[in-house]
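Me: Please take a close look at the interior of this structure. I am new to it and would welcome one connected account.

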Amino acid sequence: MSGSFAHGVHPAEHKEATEHRPIERMPFVDRYTLPLGQNLGKPSNPVVTAGETVARGQIIARPDGFVSTTLHSPVTGRVVGIGPHYHPNGQLVDCIEIEADPYATQQLVRREPVDWRVLSVDSFVELVQHAGIVGMGGAAFPSHVKYRLPEGKRCERLVINGCECEPFLTCDHRLMVERPDAVVHGMEIVASVLDADSVTIGVEMNKPDAIEALRREIGDRAITVVPLHVKYPQGAEKMLIKALFDEEVPAGKLPLDLNIVVNNVASMAAIADAVDHGRPLIERLVTVAGPGVDRPANLLVPVGTPVRSVLRHCGINGETRQVIMGGPMMGMPLATLDSPVLKGTSGLLAFTEEVINHPTEYACVRCGQCLEACGNLLNPQRLARLARAQRWGEMEESYALDCMECGACTYACPSGVPIVHLIRAAKAEIRVRKSRGE
Ligand code: SF4
Ligand code: SF4
């Protein structure tokens, strides 16, 4: 079985610099900045105060409601302040600042494993929230929320995303090659707790070693690895479902409407670590690459590490003009390198002038290439036109809120129309208006 979805684009992969580089651990640095809002939903509430000493893995903020997660200290050290600091999105947000203790061993206390075979859904949801686990593919949706299935829904099919379809990024690839045991065990745990009928993992064919490692680890367990053709944005939930099962998730609907739960491979490993070792999400794999980086790497980085420290560790050359957090298609350019690595940070890409995209915008020539690119079968050029005209009602009727902001349309446009930027801003405006009841 192998497949793909309709439409999409084929940007150059640029994965060769890091796809075979083994995972390395980023050394501890002096200071860490932890935004309270690292997940979609509500920020967590601090439970520590300035001057307090904290241990690595200790809870420093608790969830504020159900769609919110726990935050833990990535190091043993001292809280030096709680206050505004730059989030990678450019906004000032409340953060907990921690100074590392240079004499601490930074050992994480190991806890007794939890018997996952007898875990109830409620206990599992609580465990995942308590471990601070979020979707690690970029969106940082709190994972436990996905496991609290609404009345009338069940997880018939558990789908795991091992596509890593964004150019440059290779950290999920390395995770599957080097820790297939954790990835597969995470799937086994989630499938058991949710009583899933089937488990399927989609991996793009440009990662044959990951496919092999997973298959070897899976052995005779009832988990299917499906190699998929290389195409962007195959990692998007709806595209992945189409590629795996040739089924459409209708516009305005979610995978759960088809009784499908979709997770990322890194979240699976995080769940296995939390269940088997009581390890909270305090560090994550980050691909550091791009022509501005001297020593590209797949690094295990404590959450809260300043981007500047990570880039210094890998060597950043003087030609760098832009640093992107995430992949080049959906990531965000950073306004300051003092921004911290977040739970959702999959990559740090240093770009030189030659590779920064500064397109000159020309008039739309109605070539239809953006329609061809859109895996969601939207009409991007119409949405862009409606966004410019501020025709919010018509945008909604044209399913603008279904746009996953993948940027494939912008990538395909020969006229340099900033389609995804226009749609993203319009979606934000529509949501604000809806919240005001307009
Ligand atoms: S950004 Fe939105 S409109 Fe553009 S291709 Fe992706 S889903 Fe379609
Ligand atoms: S790809 Fe660009 S030029 Fe072509 S129809 Fe879409 S917006 Fe117009």
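Reply:
**Cysteines, cores and the helices around them**

The structure holds zero disulfides, a disulfide being a pair of cysteine sulfur atoms within 2.5 Å. Cys314, for instance, is in no disulfide, and the nearest cysteine sulfur, that of Cys171, is 13 Å away. This is a predicted model, in which local features need pLDDT of at least 70 and side-chain atom pairs pLDDT 80 or more, while totals for chains, interfaces and linings use all residues. Residues are numbered from 1 along each chain, chains are lettered from A and ligands numbered from 1 as written, and side-chain values use heavy atoms, without hydrogens or water.

Cys314 counts as buried because its relative accessibility is 2%; buried means under 20% relative accessible area (1.4 Å probe, protein chains only). Cys406, at 8%, is also buried.

The largest nonpolar core (buried Ala, Val, Leu, Ile, Met, Phe, Trp, Tyr and Cys residues joined through side-chain atoms within 4.5 Å) has 51 residues. Among those with the most contacts inside this core are Phe124, Tyr147, Met187, Ile201 and Leu214. Elements that give two or more residues to the core include helix H1 (121–130), strand S10 (198–204), helix H5 (208–218) and helix H7 (265–277); helices (H or I, at least four residues) and strands (E, at least two) are DSSP runs numbered from the N terminus. Apart from this core lies another, of 32 residues, with Tyr32, Leu36, Val301 and Val307 among them.

Leaving out residues up to four places away in sequence, Ile201 touches Ile160, Met176, Met187, Leu214 and Val265, among others, where contact means heavy atoms within 4.5 Å.

His144 is part of helix H2 (residues 143–147) and counts as buried, because its relative accessibility is 0%. Its side chain makes a polar contact of 3.3 Å with that of Gln129; such a contact is a pair of N or O atoms within 3.5 Å, one able to donate a hydrogen and the other to accept it. Beyond four places in sequence, the contacts of His144 include Phe66, Val125 and Val128.

In helix H10 (residues 380–388), the buried residues are Pro380, Gln381, Leu383, Ala384, Leu386 and Ala387. Their cover includes helix H9 (369–373), helix H11 (392–397), helix H12 (408–412) and helix H13 (419–435). Just after H10, Gln390 takes a positive phi of about 55 degrees.

Gln381 also belongs to the residues surrounding ligand 2, which include Cys364, Cys367, Cys370 and Cys413, each with a heavy atom within 4 Å of the ligand. This shell divides into seven nonpolar, three polar and one charged residue.

How values were computed: Ala, Val, Leu, Ile, Met, Phe, Trp, Tyr, Cys and Pro count as nonpolar, Asp, Glu, Lys and Arg as charged, and the others, Gly among them, as polar. Buried means under 20% relative accessible area, exposed over 50%, partly exposed in between (1.4 Å probe, protein chains only).
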